[in-house]
Amino acid sequence: MDSLMKLNNEFFKLLKLKIKENSSKEETDTDKLCFQTSLQTFLKRGRKDDAFSVYFCYAEIFNLFGSGYENTKKLLETLSDHEYHSGELLSKHRDHYSHSVYVFSLGLAIYANDKIFRDTFNNFYNLKNDMASYHFLKMWGMVSLFHDIGYPFQLAQEQIQTYTKELWGDQYDENPFVSYGNLDKFLAIDNDTKLKLQNGLNTSYEFNSIDDIFAYGLKLREGYDDEYMKFYLRKRAINSQRYVDHAYYSAIILVKQLFSVHDFEFNLQTLDILTAILLHNSINKYKFDKNTDIPNRHPISIDEHPLSYLLLLCDELQDWDRFAYGKVSKHNPLAWDIDIKISDNYIWIEYFFDKENIIASGKIDINKHIRDIQDGVFVSNIYSFINSSLRLEVKFDSKQKVKKTHMYASDDNFINLCDFAQAIHESYGDKFKNMSCSSINEKFGNLSLQFKLSNIEQAKSYAEKLELVNCFYSNKDLDYDCIDSFNDVSLNKHGTKAIDFLAREEHMRWVKEKINLGWIYGVEGIDYHTIEERNKKKMHKCIAPYDALSEEDQNKDKLAINNIVKILQKFDSGIKIYNYRDGGKESLQIAVIGQRNYNKNELKLLKNKIKEKLKDKCDSYRVIVRSTFDIGGDQLFAECANELGLTTKAYLPLPYEKYIISLRENSLKEGYSFNKEDELKMRHLLAQTAVCRQDTTFKTTREYIISKCDLLILLWDGETNKSTFNKYIEKAKDYGLYDEDIIIIKCHS
C-alpha cells in the first residue's frame, strides 16, 4: 500500500484547511497532520479501528451534523454493527466500513495526481483559489465515507434470499422478497424544509418528498425526466424482487441526517453529493427488469457529474483487502495488496493475490476476481459505467500474503473506542470518581483534535498492550478472572508487576505519537513555561526515556492504567478486562551492535537488510532489541526497530544526561558529527525505549547486552575494529550462542 500512501501525501501538500473560529493556524496545521497521519496508519494496517480514526478526523474537522464526531457516531457505527452481526448469514457480503475509507483514499490520490481531473472538478464547481482542495475534501468525504450507510436495508433482503435459496434453490419467481412500507411518511418533507430547499437551490420546484429531491438532481445533471424518475425510484423501492439498492437508502439516510441539523445549508453541491451516492450501485448501472428502464440511460462523464464519476470509478477500483463475511465471498478471496500509479488521465494498478490463488503451472484458479482481470471484464465493466477518455491499465500478480499483525483476542468491537478514549482522558487523576458520564463527555468534547486522537490511539493500543501481560478486554461475560487492578497481575516468573510494564509501554507509545506529530524534547522552565506555550511550541519535557522521568510523571501513567478499569464501569459499554490462563508469545532478545562508520550511500539497502533480519523472527516471537545506542550502526538498528514497531531497550555506560554529554565530547574529539540535530535525534530514539538504564555489572555495556541475548546481529564491514568485533563474537559464544545465532550484516565503511 506504499504507492497509495505516497499518492495521498501529494493531496495533503495541496490541502489548506479553513481556520475555525477560536483556532490558530498552528492548531489547524496540527489538525491537518493528524488527519494525514490517521489515513497513513489505516493504509499501513487496513484495520477497522484505524478506519475509525479517519472517520473521526473528518467528522471533527467539518462538523457535518453539528459539533464533532458524536453527532456522526450512530450513522457510521450502526452500519459496521449490522455487518458484523448479519454478514455471515449471507452468501455474498464484504466489509463496507473500511472499504469506504479506501474509496476515500483513492479519490484523494486521483484529485492530487491527475491534473486533468482536478482542473475539471475545480472548474465545474468554480473553485479557483488555494482553498479548492479543502472544498473537494469536504464534498468527496461526504460522498465516499457515507456512500454505503444504507446497507442495512439491503442486508434484510439478502438474508431472506440466502435462506430460501439454500432451502429451495435460486427460484426468484417463487421465493419471497422484502418490500418496505411506510415510505410516504419516511420520505415526506415538511414545509420549512421545502422552503429551505427552494431557497438553497434557487428554484420554485415542488419538493414534497425526498424522491423529489433525487429526481430534480438527476434531471439537472443527467437530463433524465424527473416525473419518470419519481416513478422509477418508487417502483425499485416497493417492488424490487431481486435486490434492494443500498445506494438509494444511503442517500435517503444522509439527507434525513442533514435535515436533522437545525441550521443545515442545502445547495447544488449538497444535491450532487446525494445523487452521486444514489447512482453508485445500480440505478444508473443496470436495467431494473426487462420492462422497466430509464430512457436514455447512459454512462456518466466527468463534466456532467464529477462526484458521481469519481465515486463510480473508485468504488469499482477498490477491490482489495475487504473482509469477507459471506460464505461464497470467502471462497473467492480478493487481492490483499495493490501497487498504483496515477498521472494525467492515466491510472495503472496491479492487484496482488495470495499465491494460493494462482497455481504452480501458471493457469488461473477458479477465483472470479483474477479471471475478470485476465479476461478484461474488470476494466470493461468500469468503462460501461463511466464515459471517459481515461487510460486505465489493470494487471494482477501473485505475492506471498503478509500475515496481518496487531490481531488480538480483545473484542474487535471498536464501536467502544469513544467510550474508551473518554475514560482514558479522565484517568490521569482521581477527580473522575465523582464525575458523571455527561461531564466526562463534555470535557472530552472540548479537547482539540490532536488530544482527542491521542486518547483514541491510546484506547486502540490497549488490545496489544494487554496481550503482553496475558490479558484482554471484552464486553462479553466470559469464564475468565476479571481484573480490577493491574497491581495484582504479575507479568512473568520474575514477579514483574503488570502495572510497571504497562506504564512503560504507554509512555513509549505516547513518545512515538508525539514525535510523529512534530513534537520535540524541551526543558520546562527554559524552552517553555506554560501548558499553552508548550502546546504551541510542541515541546515536552517527557519526551525522554521512561527511566529518566520523575517519579511523579511515572506515577501519572500508572494511575491512568489502573483508573481505566474503574472509569469504564461508568459507561454502558460493559467492557471488562480479563486475565488469560496461559501466557502469550515468548520473547526473543536480540543484541545489536554496529560500527560507527558505514557508507551513507547504501543506507536504504542496509535498512532493508536489518529489517529483513528482525522481521524474520516477529511471527514466532515478541522481538526485543537491546542496544547501547552508540553513534552510527547502533542507532541505525534502533531506527529500524522503531519503524517495525518493535520494543527497544537501552543499556548505557553512564547515566542518561552524562552519556549524551560524553558522546558529544567524544564525537568532537574523533571528528564525528554531533550537532543539536544529532543530539535531538538521539534523545528521541532513547525516549522510545522501554528501558533506558545504566548498568555497571559488566566491564562494558555491550558485554551486558550480549549476555542477555538469544540472537546477536552485527553491522560490520569485516575489517574495521576487527579484533573488537571478533571479541563480541567470541563473547557471544561464551554465553551459549551458536554460529547460527550470530548474524553479520555486511556494510562498507
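## A tour of two cavities and three helix contacts

About 90 Å³ of space lies in the largest cavity, and that is our starting point. This is a predicted model, in which local features need pLDDT of at least 70 and side-chain atom pairs count only at pLDDT 80 or more, while totals for chains, interfaces and linings use all residues. Residues are numbered from 1 along each chain as its sequence is written, and side-chain values use heavy atoms, with hydrogens and water left out.

**Stop 1: the largest cavity.** A cavity here is a set of points, on a 1 Å grid over the protein atoms alone, where a 1.4 Å probe fits but cannot get out; lining residues have an atom within 4 Å of a point. Grid points are joined across faces, edges and corners, and a volume is the space filled by probe spheres set on the points. Select L233, R236, A237, S240, Y243, V244, D245, Y248, Y249 and I283 to show the lining. Now colour helix 12 (226–238) and helix 13 (246–259), which each supply at least two residues of this lining. Helices are DSSP runs (H or I, at least four residues), numbered from the N terminus. Helix 12 gives the largest share, three residues. By class, the lining has seven nonpolar, one polar and two charged residues. For these classes, Ala, Val, Leu, Ile, Met, Phe, Trp, Tyr, Cys and Pro count as nonpolar, Asp, Glu, Lys and Arg as charged, and the others, Gly among them, as polar.

**Stop 2: the second largest cavity.** How many cavities of 30 Å³ or more does a search of the whole structure find? There are two, and the second largest has a volume of about 60 Å³. Select I110, D114, I116, F117, I302, Y309, L310, L313, N345, I347 and L390 to see what lines this second cavity. Helix 6 (115–124) and helix 15 (306–317) each supply at least two of its lining residues, with the largest share, three residues, coming from helix 15. The lining is made up of nine nonpolar, one polar and one charged residues.

**Stop 3: helix 6 against helix 15.** Keep these two helices on screen. They pack at an angle of about 145°, with their axes 10 Å apart. Axes are lines fitted to C-alpha atoms, for helices over the stretch in contact, and angles run from 0 to 180 degrees between N-to-C directions. Select F117, F121 and F124 of helix 6 with P306, L307, Y309 and L310 of helix 15, which make the contact (heavy atoms within 4.5 Å). These residues divide into seven nonpolar, no polar and no charged.

**Stop 4: helix 7 against helix 15.** Next, add helix 7 (residues 132–145), whose axis comes within 11 Å of that of helix 15 and crosses it at roughly 50°. The two helices are therefore oblique to each other (angles under 35 degrees count as roughly parallel, over 145 as roughly antiparallel, 65 to 115 as roughly perpendicular and the rest as oblique). Show F136, M139, W140, V143 and S144 in helix 7, which meet L307, L310, L311 and C314 in helix 15. Eight of the contact residues are nonpolar, one is polar and none is charged.

**Stop 5: helix 21 against helix 22.** Finally, select residues 449–468 (helix 21) and 498–516 (helix 22), which pack at an angle of about 140° with their axes 10 Å apart. That makes helix 21 oblique to helix 22. Among the residues in contact are F451, E457 and K465 of helix 21 and F501, R509 and W510 of helix 22. The residues of this contact divide into five nonpolar, four polar and seven charged.

How values were computed: On a 1 Å grid over the protein atoms alone, a cavity is a set of points where a 1.4 Å probe fits but cannot get out, and a pocket is an open set with protein on both sides within 12 Å along at least five of seven lines; lining residues have an atom within 4 Å of a point.
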